[in-house]
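Colleague: Please take a close look at one part of this model and go through it in detail. I am new to this, so give the cut-offs for each term when it comes up.

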Amino acid sequence: MVKLATMVRFLLAAMSLSLAFVWGAAFSTGQNPAIREAHFVMMNGLPMAAQDYHSVFVVRAQRKVFQRWKQKTLWAKSGKATIADDGDIAKDAGMIPAEAAPPSPPDQPAVNAQTTVPGDGSRLVVLDPGHGAEEVGSVYRFSDGVVLQEKNLNLDIALRVAALLKDAGYRVVLTRDSDSGVNTQDLDLNGDDEVNVRDDLQARVDIANREEANVLVSIHCNGFGYSYLRGTEVYYDEDRSFSANNERLAEIVQRSLVSSIRDAGYETVDRGIKTDVSVLQGEHFYLLGPAVEGIARPSQMPAVIGESLFLTNPGDAAQLRSDVMIEAIARGYAAAISHYLATDR
Ligand SMILES: [Zn+2]
């Protein structure tokens, strides 16, 4: 096994030239329009992908993702190199046998994904359909020309979750109920003298705080530059005073989504719950994180981001095209949220 430092030096050297000089045949950039150029390379017998996004060169290795930023981003200056974890690439590629994967924790009661526990009208859920308007999220283009956009799926799922929860006796507020952003006035809500997507995220958090929601659930479909990544995962933050509850909410949503999707006939990959900092270079997700620099007003209740399936994976995307699966995902969310609220005090 080559030393990590040597590998990093080598990769950064390759990336600083141009990906055109990285050996290996160019392979399909898949369905992700953000990828300008991509190569598949073997290094020490391990598959790696070198990709040129417009803002960043990325080399994906078995366990790590190496990035060299071409433009300033929220967490890195232009020219800076960063490394992120991504062990799931190896797992999803079948490079780690199933026995080696950690078993799911025992003594976790199964959430019946078909059952929404009745509420008494006192608990309030804020549902946040991710993205909206020009922020489309992930995209999948089927061979027959049909295009799915994540923003529309998120809204479809969230409207169904809202109906299920209201029917069961919960109060529900949606951050958006049409194809729009949430910061519709284009205000500088976080006071950083810019109006951008972070203000739209602040607008979503502000709604949850204003409503004094018991939980904030942001509904997304996953997207990734590597089309073979697939499965179900839920993000939460572990750096807040109520993070134990937050982790419990994430666990319940994860188990409920997985069982609901499987009950609907699709063997989704259970990718488990993940902390926000584990996927965002140590940065917190705006909706989930504590009061840190860059998050003007954090959400004040347990909050999760649900990623039911990958819209960038052909198998998962085919499922997301099915009304039966969208309904199953919605029922999974509603069951999970109601189970959590029934047992959080
Ligand atoms: Zn999304």
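Modeller: What follows is one answer about helix packing and some loop residues.

This is a predicted model, in which local features need pLDDT of at least 70 and side-chain atom pairs count only at pLDDT 80 or more, while totals for chains, interfaces and linings use all residues. Residues are numbered from 1 along each chain as its sequence is written.

The protein has 8 helices and 13 strands. These are DSSP runs numbered from the N terminus, where a helix is H or I with at least four residues and a strand is E with at least two. Of its 345 residues, 43% count as buried. A residue is buried if 20 or more other C-beta atoms, placed from the backbone, lie within 10 Å of its own, exposed if 12 or fewer do, and partly exposed in between.

The part to look at is helix α8 (residues 323-342), starting with its packing against helix α3 (residues 150-167). Their axes are 8 Å apart and the packing angle is about 45°, and that makes α3 oblique to α8. Axes here are lines fitted to C-alpha atoms, for helices over the stretch in contact, and angles run from 0 to 180 degrees between N-to-C directions. Angles under 35 degrees count as roughly parallel, over 145 as roughly antiparallel, 65 to 115 as roughly perpendicular, and the rest as oblique. The crossing of α3 and α8 is right-handed, meaning that the near helix is turned clockwise from the far one by less than a right angle; an anticlockwise turn would be left-handed.

On the α3 side, the residues that meet α8 are Asp156, Ile157, Arg160, Val161, Leu164 and Leu165. On the α8 side, they include Ile326, Ile329, Ala330, Tyr333 and Ile337. Two residues are in contact if their C-beta atoms, placed from the backbone, lie within 7 Å. By class, the contact of α3 with α8 has 10 nonpolar, 1 polar and 4 charged residues. Ala, Val, Leu, Ile, Met, Phe, Trp, Tyr, Cys and Pro count as nonpolar, Asp, Glu, Lys and Arg as charged, and the others, Gly among them, as polar.

As for α3 itself, its 18 residues reach 26 Å from first C-alpha to last, close to the 26 Å expected at 1.5 Å a residue. The expected span is 1.5 Å times one less than the number of residues. Among the buried residues of α3 are Ile157, Val161, Leu164 and Leu165. After α3 comes Gly169, whose phi is positive, near 100°.

Helix α5 (residues 243-263) also packs with α8: the axes come within 8 Å and cross at roughly 150°. The two helices are therefore roughly antiparallel to each other. This crossing of α5 and α8 is right-handed as well. Residues of α5 in the contact include Leu249, Ile252, Val253, Ser256 and Leu257, and those of α8 include Met325, Ala328, Ile329, Gly332 and Tyr333. By class, the contact of α5 with α8 has 12 nonpolar, 4 polar and 3 charged residues. The 21 residues of α5 should span 30 Å at 1.5 Å a residue, and its end C-alpha atoms are 30 Å apart, which agrees. Gly265 follows α5, with a positive phi near 100°.

A loop residue also reaches α8. Gly119 sits in the loop between α2 (88-92) and β6 (124-129). Gly119 counts as buried because it has 20 C-beta neighbours inside 10 Å. Leaving aside neighbours within four places in sequence, its contacts are Ala168, Gly169, Tyr170, Ser338 and Leu341. Gly119 and Ser338 are 219 residues apart in sequence, yet their C-alpha atoms are 7.3 Å apart in space.

Positive phi values also occur at two residues beside α4. Most residues other than glycine have a negative phi. Asp186, in the loop between β9 (171-174) and α4 (197-210), is not a glycine but has a positive phi of about 55°. Glu212, just after α4, takes a positive phi of about 50°. Asp186 counts as exposed because it has 11 C-beta neighbours inside 10 Å, and Glu212 is exposed with 10 other C-beta atoms within 10 Å.
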